[in-house]
Amino acid sequence: MKKIIHRSHNSKPLKNEDKKSVWWKYGIIYQIYPRSFYDSNGDGVGDIQGIIQKLDYLSELSIDAIWLSPVNTSPMYDFGYDILDYREIDPIFGNLNDFHQLIEGAHKKNIRIIMDMVMNHTSHLHPWFIESRKSANSPKRGWYIWADPGRNKRPPNNWRSAFGGSAWEWDEKSGQYYLHSFLKQQPDVNWRNEELKAAMFDIIKYWLNAGVDGFRLDVVNWFIKDRHLRNNPFSLIPHHFQKLRYDRNRKSVHKIFRELRTVMNSYPERMTVGEVFTMPPGDPSLSASYLGKGDDELHLAFDFSLMYRFWSARQIYKCISRWYSHIPERGWPCNVLSNHDQPRSITRFGGGNESKKRARVAAMLLLTLKGTPFIYYGEEIGMKNTKLKKKDIKDPVGRLYWPLYTGRDPARSPMQWSDETNAGFTKGDIWLPLCNDYKETNVRKESEDTYSLLNFYKRLIKLRKEHKALYMGSWEPVLKGYDGIIAYFRKFQDETIFIVLNFSNKRKKVQLHYRGQWKVLFSTHKFIHEHFIELSFKISPYEATMIKRLGDL
Ligand code: ISL
């Protein structure tokens, strides 16, 4: 069992770390869903040249890196999460030249590029799989997970696909079932096969050599399955009514990431972030396990606990402190409120007319916590989930479960650049309907308004970058979500910043007798530069305030 050290949120930064080499710790990462960011060629779908055209916007936002959801060649059954050529760019997004141009253009602006690597499965049209399914004797048979049928030609075991139904698909021609943890067009590869593993590592090296700065790795906790393909035990938890014991989360998976870290370490300043996919309420201990001892597996790992939380200060507090408690001493947390698979935070947090006030509290939380913040495109302007009719749904999961679950398209709607036709996203036939608030909520309008959410984000990002306490300091909680308030200190050497967040719509009193000279650094309600001699004051509904300690009285 790996030892978990429960004090990492106060841990000191490691020695010999310069800010540049650990940019992925101290910087801010912005996720782009390329189909929906900006369409440069009028085909209705976002593309790489579109991202290049928006580099100035990203640079003004002052983010340090962009993570692009997959841009490799794909038949798009799962919108790019089904790759058929890992070394090429899908024509819908551009070509390799465009991609190199993006790397170069971004690097000139000090923005790094993180690619999404989907390596738990390939497309069923990938040449490896085409070869593998030719016959049971194919030299690539072992690159995927094939098994003989169970009794009466039934699937080999009870494993379920994340998208519904059995995880096994019968292949008549070669007389066996193959495993697909997602769609049947996404066969799972066999990471126990040394040749497959070497081929995957070669792809990683290929992109590292091309100048990519890091990888977001899809569903890392599913890479290894039980060697004996044992049935998952029954469980009362509704998710498949199974304890997900044998089809994922196997301990031997960690060996792969230790080997990957060795590859990564031979390229300076590169990083990996793993998606550890768990069902709500999340599993921080499992997520943190992918950091290994802190410096020998993945650089960062997502824990989705915060992304699954609704608007409750106490719940949010608990999930943050639990997450930190599992980070190994030499490891580093990252924090995320939204991504391309889950409802947008502003919709999830609710609040009706007050949702944009809540968005500010959430933004200050994300950008003042310890750990690398990930911002999903559009969150900075307050984009909401789009309401979609059945005919508009593209996501295979939404099509399958509509109307019970509309799938993931609601959080993937095109970026709202302006109040023009198609929100300035495309001059063509838009691939997915926009959110209908785009005339109010868009980049152009918010850029011109000093008090917009966009400018609030920009200020927060700049403050985070200017203060070591914020990007590398300790996290010391003071008010733990009771009574709707979360407050904490961030400290580094002699720099101390106090952050207080009122999640409630009531006026409250904060009475903390920390005497000293305190000055407001940034606030939704208080005047910047307002002074206090102790941390005792009233706070307004949904107030979010940062206060810096200037010294003793
Ligand atoms: O999106 C989900 C529910 O509808 C999740 O179950 C999702 O499948 C899970 O987060 C894993 O996600 C990743 O792998 C999938 C891909 O569809 C997702 O977009 C990706 O983020 C398969 O590659």
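How many residue pairs are in polar contact between domain 1 and domain 2? The count is nine, with both residues at pLDDT 80 or more; a polar contact here is a pair of N or O atoms within 3.5 Å, where within protein one must be able to donate a hydrogen and the other to accept it, and residues adjacent in sequence count only if both atoms are side-chain atoms. Salt bridges (a side-chain nitrogen of Lys or Arg within 4 Å of a carboxyl oxygen of Asp or Glu) come to zero between the two domains.

This is a predicted model, with local features needing pLDDT of at least 70 and side-chain atom pairs counting only at pLDDT 80 or more, while totals for chains, interfaces and linings use all residues. Numbering runs from 1 along each chain as its sequence is written, and side-chain values use heavy atoms, with hydrogens and water left out.

As for the domains themselves, the assignment (automatic or from a database) gives domain 1 as 25-122 + 213-219 + 281-462 and domain 2 as 473-551. Their C-alpha centres sit 29 Å apart. Domain 1 puts 21 residues into the contact and domain 2 puts in 24, contact meaning heavy atoms within 4.5 Å.

Then there is the ligand, with 16 residues around it, counted when a heavy atom lies within 4 Å. The closest are D78, D218, H340, D341 and R408. A polar side-chain atom of D341 is 2.5 Å from a ligand oxygen atom; for H340 the corresponding distance to a ligand oxygen is 2.9 Å, and for Y405 it is 3.1 Å.
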